[in-house]
Amino acid sequence: MDKDLENTKVVLDVVCGKWKAVILLKLFEGTLRFGEIKRSIPLINHQTLIKQLRELEEDDLISKKSYPVVPPWVEYSLTEYGRSLKPLLNEMVEWGEKHNNKDKDKTPS
């Protein structure tokens, strides 16, 4: 496989799980608790959120801090490495907006 394809596949694997980019965008707003992330992305299934957060943590894009209290208090935040994705995610948001508006911008012939 050529290097460009290989590198592109890595980006897609790491950042483009069904909800990963959305979770990362939410965390650019600041540190959030699990419940805050869940409420801010109402369509995400509980188990899917857990899985996506775990994968993002394994890829060192987010960090998880647990506090020894009852009920459990867990916070998620971006790592420095995760913050490096901001330009890429901003481009994805802009492209998505253009894509959603492409048919609206067409004028009838």
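This passage walks through the side-chain contacts and backbone features of a predicted model.

Salt bridges come first. A search of the whole structure turns up four of them, and three are described here, beginning with the one in helix α1. There, Glu6 pairs with Lys3, with 3.9 Å between the closest N and O atoms. Both residues belong to helix α1, which covers residues 3-15, and they sit three residues apart, or about one turn of the helix. As for solvent, Lys3 is exposed, with a relative accessible area of 56%, while Glu6 comes out as partly exposed at 34% relative accessibility.

The next salt bridge joins Lys20 to Glu55, and here the closest N and O atoms are 2.9 Å apart. This pair ties together distant parts of the chain: Lys20 is in helix α2 (residues 20-27), Glu55 is in helix α4, and 35 residues separate them. Lys20 has a relative accessibility of 3%, so it counts as buried, the cut-off for that label being under 20%. Its partner Glu55 is partly exposed, with a relative accessible area of 21%.

Glu55 has another salt bridge, this time to Lys51, with the closest N and O atoms at 2.6 Å. Glu55 and Lys51 are both in helix α4, and because they are four residues apart, about one helical turn lies between them. Lys51 is partly exposed too, at 44% relative accessibility. Put together, Lys20, Lys51 and Glu55 make up a network of salt bridges.

Turning to the aromatic rings, the structure holds one aromatic pair. It is made by Tyr67 and Trp73, which meet edge-to-face, with 6.4 Å from centre to centre and 80° between the planes. The angle puts the pair in the edge-to-face class because that class takes planes over 60 degrees apart. Tyr67 is partly exposed at 29% relative accessibility, and Trp73 is partly exposed as well, at 33%. Trp73 has a further contact, since Arg33 lies over the face of Trp73, 3.5 Å from the ring centre. Another charge sits over a ring at Phe28: the charged end of Lys86 is 4.6 Å from the centre of the Phe28 ring.

On the surface, Val11, Leu88 and Met92 make a nonpolar patch of about 210 Å². Met92 comes from helix α6, which runs over residues 86-101. With a relative accessible area of 35%, Met92 is partly exposed; patch residues need over 30%, so Met92 clears that bar.

The backbone has a couple of features to point out. Val70 and Pro71 are joined by a cis peptide bond, with omega at about -5°. Pro71 is in the loop that connects β2 (62-67) and β3 (73-78). Elsewhere, Asp60 has a positive phi, near 65°, even though it is a residue other than glycine. Asp60 is placed in the loop between α4 (46-58) and β2, and at 44% relative accessibility it counts as partly exposed.

Conventions: Residues numbered from 1 in each chain as written. Predicted model: local features only at pLDDT ≥ 70, side-chain atom pairs only at ≥ 80, totals over all residues. Heavy atoms only, no water. Phe/Tyr/Trp six-rings, centres within 6.5 Å; stacked < 30°, edge-to-face > 60°. Buried < 20%, exposed > 50% of the residue type's maximum accessible area, 1.4 Å probe, protein only. Lys NZ or Arg CZ within 6 Å of the ring centre and 35° of its normal. Patch = residues over 30% accessible without salt bridge, like charges linked within 9 Å, V, L, I, M, F, W, Y side chains within 5 Å. Areas by Shrake-Rupley, 256 points an atom, 1.4 Å probe, with all protein chains shown as cover. Salt bridge = Lys/Arg side-chain N within 4 Å of Asp/Glu carboxyl O. Helix = DSSP H or I, 4+ residues; strand = E, 2+ residues; numbered from the N terminus.
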